[in-house]
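Good morning, colleagues. Please look at the sequence and the structure on the screen, and I shall walk through several parts of the fold.

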Amino acid sequence: MMMNRRTFATTLLAGAAASLVSTRGIAATSPPVKARNVVLVHGLFADGSCWSEVIPQLQAAGLNVTSVQNPLTTLPDAVASAQRVLDRQDGPTVLVGHSFSGMIVSEAGVHPKVSALVYVAARAPDAGEDYTALAKTYPTPPASAGIVFDGDEGRLSEQAFLHDFAGDLPEAKAKVLYAVQQPFHKALLTGKTTQAAWRTKPSWYAVSTEDRTINPDLERFMAKRMGATTIEVKASHLGLISQPDAIARLILDAAGQPA
């Protein structure tokens, strides 16, 4: 059933751009549950430190924040890692995922302590859906060609990382992030979610309009399908680093914090 249109406003600093889009579902019809906990999950080619620009803003708002160190081995391993962190939370918790970890959010988000979901340029498959097949219905983003493997371990080449993953960051900063990227196992990419938490939990989504790792139109499709409260940010795939104010504001909104 289509719900009434809701306006979501966000204030961005210079260089950030957000646009208002239609929202449906739970997030559009009821105010967010007030949460004091936020659990952040990183995706491929990164580690938990990729949230370092967002975390201080959430902490300054009085939130308890944990960044999960995702093992990047198999989807069940990654989900279990997030679930262990969720188990430790003391009440309503916003679960946030970037990039690949949107799959973890979709699976682990059914946890009873999760009050809201936030997807940051993230995958958001339906239960049992083949995400790779879904992604192939859109033009292939350039970063895909930059994945290199050493046996079963994959990573992005430096060229692809700097230009297609972190293209709007200063090169010196992008090189630091490249140096700490964690390899992923091929088995991770074969996993399929068995849950779609966004079907029962209020959801928020940040689309990166300059994304060269996930097609921005695919991000828009997934956000619309889940009925998410959505912003569009003029950013690369690493909007959580290049535009942390916009991402922090979106998470605070999901946590029921005043603007």
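Strand β5 pairs with strand β6, residues 153-156, in the antiparallel sense, and four bridges join the two. Please bear in mind throughout that this is a predicted model. One position to find on the screen is Asp150, whose bridge partner in β6 is Glu153. These strands belong to an open, antiparallel sheet of three strands, ordered β5-β6-β7. At its edges stand β5, residues 147-150, and β7, residues 184-185; each has a single partner strand, so one side of each is left without a neighbour in the sheet. As a general reminder, the strands of a sheet pair through backbone hydrogen bonds, and they may do so in a parallel or an antiparallel way.

For a parallel case, please turn to strand β1, residues 37-41, and strand β2, residues 64-68, which are joined by five bridges. Within this pair, Leu40 stands opposite Ser67 of β2. Together with helix α2, residues 55-60, these two strands make a right-handed β-α-β unit.

Next, the helix α8. Which residues of helix α8, residues 216-226, are buried? They are Pro216, Leu218, Glu219, Met222, Ala223 and Met226. Because they cover an arc of only 155 degrees around the axis, they lie on the same side of α8. What do the buried residues of α8 pack against? Their neighbours are β4 (114-120), α5 (131-135), β8 and β9 (229-233). Both ends of the helix deserve a look as well. At the start of α8, a side-chain oxygen of Asn215 comes to within 2.8 Å of the backbone nitrogen of Asp217. Just after α8, Gly227 adopts a positive phi of about 70 degrees.

Helix α8 also brings us to charged side chains. In general, side chains of opposite charge can pair when their charged atoms come close. Arg220 and Glu232 form a salt bridge, with their closest N and O atoms 2.6 Å apart. Arg220 lies in helix α8 and Glu232 in strand β9, so the pair ties together parts that are 12 residues apart in sequence. Arg220 is partly exposed, at a relative accessible area of 29%, whereas Glu232 is buried, at 16%. Elsewhere, salt bridges that share partners join Asp150, Glu153 and Arg155 into one network. Within that network, the closest N and O atoms of Glu153 and Arg155 are 3.7 Å apart, and Glu153 counts as partly exposed at 30% relative accessibility.

In the model as a whole, the count comes to 11 salt bridges. Another of them is formed by the side chains of Asp126 and Arg199, at 2.7 Å from N to O. Asp126 sits in the loop between β4 and α5, and Arg199 in the loop between β7 and β8, so this pair ties together parts that are 73 residues apart in sequence. Is each partner buried or exposed? Asp126 is buried, with a relative accessible area of 17%, while Arg199 is exposed, with 53%.

Finally, Asp126 leads us to Thr193, which is found in the loop between β7 and β8, residues 203-208 being β8. A polar atom of the Thr193 side chain lies 3.2 Å from the backbone oxygen of Asp126. Thr193 counts as buried, at 1% relative accessibility. Beyond its close neighbours in sequence, Thr193 touches several residues, among them Leu75, Met103, Pro125 and Gly128.

Thank you for your attention.

How values were computed. Residues numbered from 1 in each chain as written. Predicted model: local features only at pLDDT ≥ 70, side-chain atom pairs only at ≥ 80, totals over all residues. Heavy atoms only, no water. Pairing = 2+ DSSP bridges. Buried < 20%, exposed > 50% of the residue type's maximum accessible area, 1.4 Å probe, protein only. Polar contact = N/O pair within 3.5 Å; in protein donor to acceptor, adjacent residues only side chain to side chain. Contact = heavy atoms within 4.5 Å. Right-handed = clockwise from strand over helix to strand, strands pointing away. Arc of directions from axis to C-beta. Salt bridge = Lys/Arg side-chain N within 4 Å of Asp/Glu carboxyl O. Lists of a residue's contacts leave out its neighbours within four places in sequence.
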